[in-house]
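Hi,

Here is the structure I said I would pass on. Have a look at it first, and then read my notes underneath.

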Amino acid sequence: MGLHGVKAVFFDLDNTLVDTAAAGRRAIEERPPPPLQVVSALQSKHRYGEGEARAVCDKVQAKLLKECHDPAKMCITDLRISHWEEAIQETIGGEANRDLAAECYYLWKTTRLQHLTLAEDTRAMLTELRKGLRLLLLTNGERQTQREKIEACACQPYFDAIVVGGEQKEEKPAPSIFHYCCDLLGVQPAECVMVGDSLDTDIQGGLNAGLKATVWLNKAMTAPVDTAPVPHYIISSVLDLPAVLQKMEHNTNAKLETDHMASSDE
């Protein structure tokens, strides 16, 4: 697919190319046989009631959503074990149980990674797009965590470059990381499209960096709040992207034709 004006597409990872949220839920909720997920482990091995086990997991999920990680102060593993330790103590009370917290964390992490997959139709789309465009994976997050996800879903062969925010001076939505990506691929911001599920990081970042277009993946097709950044395009599935790129090409061709006619008239 050759496109006038578009030379590269940047893709977000979590909840754009892979369903990280669903993988996390499955790590908590699925029943054995193996792997033994967290709720089941707390019930069967540690005699927690189902309500207690689920309360612990819900508290951890809430802590993950509010997580602020400074790698200079603590490694991501210690921080996330602490989430489980605090959640267990908040739910059950008594002495802190670091060993149980570590067991829960590693079980959750291992199971989540097992469920992180790049769907076959997504692989096919990326393969087709890469015939005419340069593709780059741009993901925010702590270096170790994101690299483990990338390896788990085996997405490396589909991209010309992979950039992890935790390895850079700034993450999305800072313009600097987008410009770094452009330099890696040898393209200009006005030749690039950003695709992602986050208005605050993916879309705002693409706008900040002056990219040609931003494409918001809005699976629920919910209306953004009035103060949210406005994407150029909205899709409900990442598989809708090729149609958007074709629409962009059509619009560019139409503008080129109009400009040519105008210059001829002069």
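Below is what I found on salt bridges.

Before anything else, keep in mind that this is a predicted model. Searching the whole structure turns up 16 salt bridges. I'll walk you through a few of them.

Start with E90 and K63, whose closest N and O atoms sit 3.0 Å apart. This pair links distant parts of the chain: E90 belongs to helix α4 (residues 76–92) and K63 to helix α3 (residues 50–65), with their positions 27 residues apart. K63 counts as buried because its relative accessibility is 16%, under the 20% cut-off. E90, on the other hand, is partly exposed at 47%.

Helix α4 also takes part in another bridge, through D78, which pairs with R98 in helix α5 (residues 98–115), 20 residues away in the chain. Here the closest N and O atoms are 4.0 Å apart. Both ends are partly exposed: R98 has a relative accessible area of 33%, and D78 comes in at 34%.

Next, take a look at the loops. D160 lies in the one between α7 (143–153) and β3 (161–164), and R130 in the one between α6 (120–129) and β2 (134–139), so their salt bridge ties together parts that are 30 residues apart in sequence. The closest N and O atoms of D160 and R130 are 3.1 Å apart. D160 is partly exposed at 30% relative accessibility, and R130 is partly exposed too, at 33%.

Finally, there's a network to look up: D12, K172 and D202 are joined into one by salt bridges that share partners.

Cheers

Notes: Residues numbered from 1 in each chain as written. Predicted model: local features only at pLDDT ≥ 70, side-chain atom pairs only at ≥ 80, totals over all residues. Heavy atoms only, no water. Salt bridge = Lys/Arg side-chain N within 4 Å of Asp/Glu carboxyl O. Helix = DSSP H or I, 4+ residues; strand = E, 2+ residues; numbered from the N terminus. Buried < 20%, exposed > 50% of the residue type's maximum accessible area, 1.4 Å probe, protein only.
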